[in-house]
Amino acid sequence: MTTQAVRPVLDAAGAVPEQKQAPAPRANSTGGRWRSRRTVALNVIGIGTMLLLWQGLTAAGAINSFLLPSPVAVLDSLWEMSKDGSLWVNLAASLKRVCVGYLMACAVGLTLGFICGWSQVVAELVRPIIEALRPIPPLAWVPIAILWFGLGDMSAYFLVFLGCLFPLFFGAYTAVRSIDRNQINAALCLGASRWLLFSSVLVPASLPIMMPNLRLALGIGWMCVVTAELIAAQTGLGYLIQQSRMLFQIQNVVAGMVAIGVVGFLMSAAVERIERRVNAWAPSERN
Amino acid sequence: MTSSACHIDISHVSKIFGAGEPGEVVALRDVDLKIARGEFIALLGPSGCGKSTLLSLLAGFQTATSGALIQNGREISGPDASRTVVFQDYALFGWLTLQKNVEFGLKAKKVPKRERAEIARDFLARVQLSGFEDKLPHEVSGGMKQRAAIARAMAPDPEILLMDEPLGALDAQTRVLLQEEISRLSSESGKTVIFVTHGIDEAVFLADRVVVMSPRPGRIREIVTSRLPFPRTAEMRADPWFTSTVSNLWETLKPEWQKEDEQ
Ligand SMILES: Nc1ncnc2c1ncn2[C@@H]1O[C@H](COP(=O)(O)OP(=O)(O)O)[C@@H](O)[C@H]1O
Ligand SMILES: [Mg+2]
């Protein structure tokens, strides 16, 4: 199950750099309110209908509530887990892992991406290695991760790191390569040192192009942490649902899944907010 | 020209792209030009005649295949703040306000914060952008962007200003106004200016000497020395010397430009 859930996303991530993303993919930043009231109403109706149908079908016995507990039962168990603290403890463990793994991947992936974007020679050395490793889904690394790091945080960091590394690398690589040569020349003829060129030109010029990949990588990291916890950890939301399954507490399994979905959505929404701010200068300047 | 007055000495410069390969392009062949301190040179020619290449060699962005480019007796070996560039597409830093854009070269020179803010404001005022300091480039018009880019290039007080078709992307009225401003700014500052253009009247209006280039391979074809005084003003466009020079140049260049048009 989890393999299928994770793999397509990773493939999509791998394909991103080839698609040559436009720096400002959404026009909504200039279109005022990003969601009209009508859209919100329709969204609410859609999700409400689904929940009602789900509740109705389980209440009527059309859905076996052992296989899929009703939304009310799920909410109830979320409430219970939040009261006894298990939800928060496990959520905190997962968040810590995704943060550490993500930051490690940023440090390595972005640095390497910048260097490869800057130097053709290094790019030709490094890219085959990256291309060779990229198709291996993080799940396939689990046995090795357990062998190297045992069960626990280190394995999870490692898997998140692997999942985030490639989109971050390609984000930085394509961003640097797509920077307008004249902007670099402008900085150089104004006497910019290497450091000033890097910090005041290369980084800000590439941020708008990198942002979608930063967001994508975070989403992948979140999936990887859950995957890792299903197998290679003894805390975290992934562990929580795996543990609940073994105890036949199916409503807790679904509650854990809901928590994972909600947190993933919130993380992505938060990064998208930052993204819109970063992109504020970009659209018309790069027409 | 005495050696002390000679600011830039371009001698026997050639630039070949992809030298030795089947599709090599001779962008410049055996270009020779001495430029005096404070002189305003217009490089005029149809597109593809190597104007940008020559400017880029002068800036130090590229190196010549053969020959030498000497500034103050020393060979130009890379970009530095004594020669700043104004680009046709402005190349402003889109994430910085106009003020911060103009401050960039001063920051690179490690001018203290308050001082550089003051200098930048002063230069923005000189190009009539007071009140727009805190705008981002995408919030202002093309003409204003180019003014800001000129202020940015002048703020670090370079010896030489290199301009590559700076008015090429602007509408006709803005272009005329900016020509006069550029003439005023350059004669006030006394800087050596090398100004690339394919506008005949623009070249004749602005320059001490119009260096006419021709393509395939790029080379200097003739040099026209101006008789107009500085700074140039709007009335000079009606000056008999101006009009006859423009039309003579047009007559001599027409065959070449038509040829280019047909390709
Ligand atoms: N980096 C490059 N690689 C190969 N050919 C180039 C390069 N830059 C310029 N050229 C060629 O050199 C010639 C002169 O170009 P350029 O200096 O841009 O002309 P201009 O600015 O007068 O239009 C053109 O034929 C152009 O195609
Ligand atoms: Mg050109």
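**Reading burial and packing in a predicted model**

Guide: In this predicted model, Glu39(B) is buried, with a relative accessible area of 10%.

Visitor: Why is Glu39(B) called buried?

Guide: The term buried applies under 20% relative accessible area, and because Glu39(B) has a value of 10%, it is counted as buried. Glu39(B) is found in the loop between β2 (25-36) and β3 (40-44) of chain B.

Visitor: What makes the pair Ala36(B) and Glu39(B) a polar contact?

Guide: A polar atom of the side chain of Glu39(B) lies 2.9 Å from the backbone nitrogen of Ala36(B), and since the limit for such a pair of N or O atoms is 3.5 Å, the distance falls within it.

Visitor: Why is α7(A) described as roughly antiparallel or roughly parallel to α9(A)?

Guide: Helix α7 (residues 153-177) and helix α9 (residues 194-232), both of chain A, pack at an angle of about 165°, with their axes 8 Å apart. Angles over 145 degrees count as roughly antiparallel, and therefore α7(A) is roughly antiparallel to α9(A). The contact between α7(A) and α9(A) has 20 nonpolar, 6 polar and no charged residues, and the crossing of α7(A) past α9(A) is right-handed.

Visitor: How do you know that α4(B) is largely enclosed by the rest of the structure?

Guide: Of the 13 residues of α4(B), 12 are buried, and so the helix is largely enclosed; among them are Lys145(B), Arg147(B), Ile150(B) and Met154(B). Helix α4 (residues 142-154) of chain B reaches 18 Å from its first C-alpha to its last, close to the 18 Å expected at 1.5 Å a residue.

Conventions
Residues numbered from 1 in each chain as written. Chains lettered and ligands numbered in written order. Predicted model: local features only at pLDDT ≥ 70, side-chain atom pairs only at ≥ 80, totals over all residues. Heavy atoms only, no water. Helix = DSSP H or I, 4+ residues; strand = E, 2+ residues; numbered from the N terminus. Expected span 1.5 Å × (residues − 1). Buried < 20%, exposed > 50% of the residue type's maximum accessible area, 1.4 Å probe, protein only. Axes fitted to C-alpha atoms, helices over the stretch in contact; angles between N-to-C directions. Parallel < 35°, antiparallel > 145°, perpendicular 65-115°, else oblique. Left-handed = near helix turned anticlockwise from the far one by under 90°. Nonpolar A, V, L, I, M, F, W, Y, C, P; charged D, E, K, R; others polar. Polar contact = N/O pair within 3.5 Å; in protein donor to acceptor, adjacent residues only side chain to side chain.
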